[in-house]
Amino acid sequence: MEKYILTNDIIKNHTERMLNLRKFYPFFSILESGISAPSESGSTSLDMGYITLAVLRFLINENNFNEREVTSQEIRKFIAELLTRDFELSLSKGDMESLTENIFDKLTNGGRAFEISFFDPADRKTKVIRVRLIEANVREAEVTYSITEEGIEFYLSTKEMKDESRISTDQLLLEKLIKAENYSGGIDVISRINLEVSSLHKKRDEAVALLLSDVHAGTVAVDEFMESTSKWFEEERKSFTKSRELVDKAAARMDRSSGGKAVRDITRLETLLKQAIDNHSRLIKASAELSRFADEMVSRKKMQILRNTFDFEEALSSLERIDKPDRLAALISPLLTPKCEKSFQISMIDSIVLKKINQDDMAEKVEKEAADLNFRYEDEILSEQTGKNFALLFRELLERLEKWEKLTLREYNAILEMKFTGDIYKNRDYFAYLVHLSEKDSYSIRSMIDQQETFLEELAVKYMSDADLERFSDIRFRIVFGDEEVEIEDSSVTDITFERM
């Protein structure tokens, strides 16, 4: 059985493996062909591998980021500049034109596809695969050139692009696959795009977590995230729009009633593309909120630094970062000073011991106290304090929603920690407040002032000032529960998002 499985795997998967390897064949074929340029010492061997990757990168930039195809003259001009700059070639105009033409012919294989012959063990015959890195197109009697999907796949497999948006580059490949009606390949690319968007969401959450623990390091992380992602949002949005139009056109041409693999693939492609567009829109919105949240945290940190307090935990962390344990002496020495004892003067001791008090002359003074009309039982005091706590927490929520359109429970907790320290979670009123807050799906402050429907609304109206109620009267928001759990100290709470309406 094991031998059968092994043999079956080798035979059935061989053709698919060769198809996956085809994108590498043109590069190594060009690399092996080699080319030399005339020089003062005779001839200079040129690295065709470097030239090939440079030209592919040039085509990706022009085709995708500048959204245009290029002519052979533009490609040869780019090659000439590369040879002069990187190989320090100084040739006459005629020699340079001849050399660039020769290189261009090798890259395009003289206008023919590169052919790979291989044996298909399943069909027991030799087959031929044809592949191009660069393809020619005729546009209004002019021949233009663009990179193929195999060329993009090959370039992406050499190194992840850092300078440009990986999402936009994948979308260029997606467009070419849709135009070629390779919908199954498009599904793989869309899956990669969704993974990339999810990865950016994760980086954004990591930046938020870092902000909560270290504002300085978190600010640096936020700046790096915004610099590497936000500047490409508009281009990515345009690419998504173009991809959506291509998919819609393909779907319109497809006879869905006939069924078949192509219909299933294009339906799956439509679903994944819609999911990718929704995820990307949420990423843009979350990134905008991240910037505002970072500004808020920096502002609060500045105010906290100005307070007349000393943070022993932060001082210890600072010493750990600079690795200077000897400086602990300056931190601990004030706490180890000798304890000062107070004492009586010697003359006072004699006075205390020798002084006699006539107990008979001392009468007990009995004062008749009037009844305290303001006396309250402990449970009444506790109820009032709970009401004030609920109103205070609700006011903090409204103050944030006055500035932001959306607030997550993690962000809300971070603001409460900054204002009331981590001890806020030790107060049982915090968790009780979340329970009462979740009794309704939405809140209108103006309606709440006129008529209170819940215990929380009664306490908020009773203990919030009239000025605050008037200030927040136009706020309306909804509560949306997530699928994840937010860890708070030793407890976990269902994730909540507060959204303005």
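Among contacts (heavy atoms within 4.5 Å) in the protein chain between residues at least 6 apart in sequence, 63% join residues at least 24 apart. The model you're looking at is predicted, so local features need pLDDT of at least 70 and side-chain atom pairs count only at pLDDT 80 or more, while totals for chains, interfaces and linings use all residues. Residues are numbered from 1 along each chain as its sequence is written, and side-chain values use heavy atoms, with hydrogens and water left out.

**Exercise 1. Take stock of the chain.**
Find how many helices and strands the protein chain has, and what share of its residues is buried.

*Solution.*
- Step 1: The secondary structure comes to 20 helices and 10 strands. Helices (H or I, at least four residues) and strands (E, at least two) are DSSP runs, numbered from the N terminus.
- Step 2: Of the 501 residues, 38% count as buried. Buried means under 20% relative accessible area, exposed over 50%, and partly exposed in between (1.4 Å probe, protein chains only).
- Step 3: The chain exposes about 31400 Å², and carbon and sulfur atoms supply 50% of that. Such areas come from the Shrake-Rupley method with a 1.4 Å probe; for residues, only the protein chains shown count as cover.

**Exercise 2. Follow Asp120.**
Work out where Asp120 sits and which residue it forms a salt bridge with.

*Solution.*
- Step 1: Look in strand S3 (residues 114-120), where Asp120 lies.
- Step 2: Asp120 counts as buried because its relative accessible area is 2%.
- Step 3: Skip the neighbours within four places in sequence, and Asp120 is in contact with Thr15, Lys125 and Lys127.
- Step 4: Lys127 is the salt-bridge partner, with the closest N and O atoms 2.7 Å apart. A salt bridge is a side-chain nitrogen of Lys or Arg within 4 Å of a carboxyl oxygen of Asp or Glu.
- Step 5: Lys127 is partly exposed, since its relative accessible area is 26%.

**Exercise 3. Compare two more salt bridges.**
For Glu74 with Arg68 and for Arg400 with Glu399, give the N to O distance.

*Solution.*
- Step 1: Recall that side chains of opposite charge can pair when their charged atoms come close.
- Step 2: Glu74 and Arg68 meet at 3.0 Å, N to O. Glu74 is partly exposed at 28% relative accessible area, and Arg68 is partly exposed at 34%.
- Step 3: Arg400 and Glu399 meet at 3.7 Å, N to O, and both of these residues are buried.
- Step 4: Now widen the view: Arg395, Glu396, Glu399, Arg400 and Asp468 are linked in a network of salt bridges. The structure holds 17 salt bridges.

**Exercise 4. Describe a helix pair.**
State how helices H16 and H17 cross, and which residues make the contact.

*Solution.*
- Step 1: Two packed helices are described by the angle between their axes and the distance between the axes.
- Step 2: The axes of H16 (residues 409-420) and H17 (residues 428-437) come within 14 Å and cross at roughly 145°. Axes are lines fitted to C-alpha atoms, for helices over the stretch in contact, and angles run from 0 to 180 degrees between N-to-C directions.
- Step 3: On the H16 side, the contact is made by Leu409, Tyr412, Asn413 and Leu416, and on the H17 side by Tyr430, Tyr433 and Leu434.

**Exercise 5. Place Thr71.**
Decide whether Thr71 is buried or exposed, and list its contacts.

*Solution.*
- Step 1: Thr71 is found in the loop between helix H3 (48-65) and helix H4 (72-86).
- Step 2: Thr71 counts as buried because its relative accessibility is 12%.
- Step 3: Leaving aside neighbours within four places in sequence, Thr71 touches Glu142, Val143, Thr144 and Tyr145.
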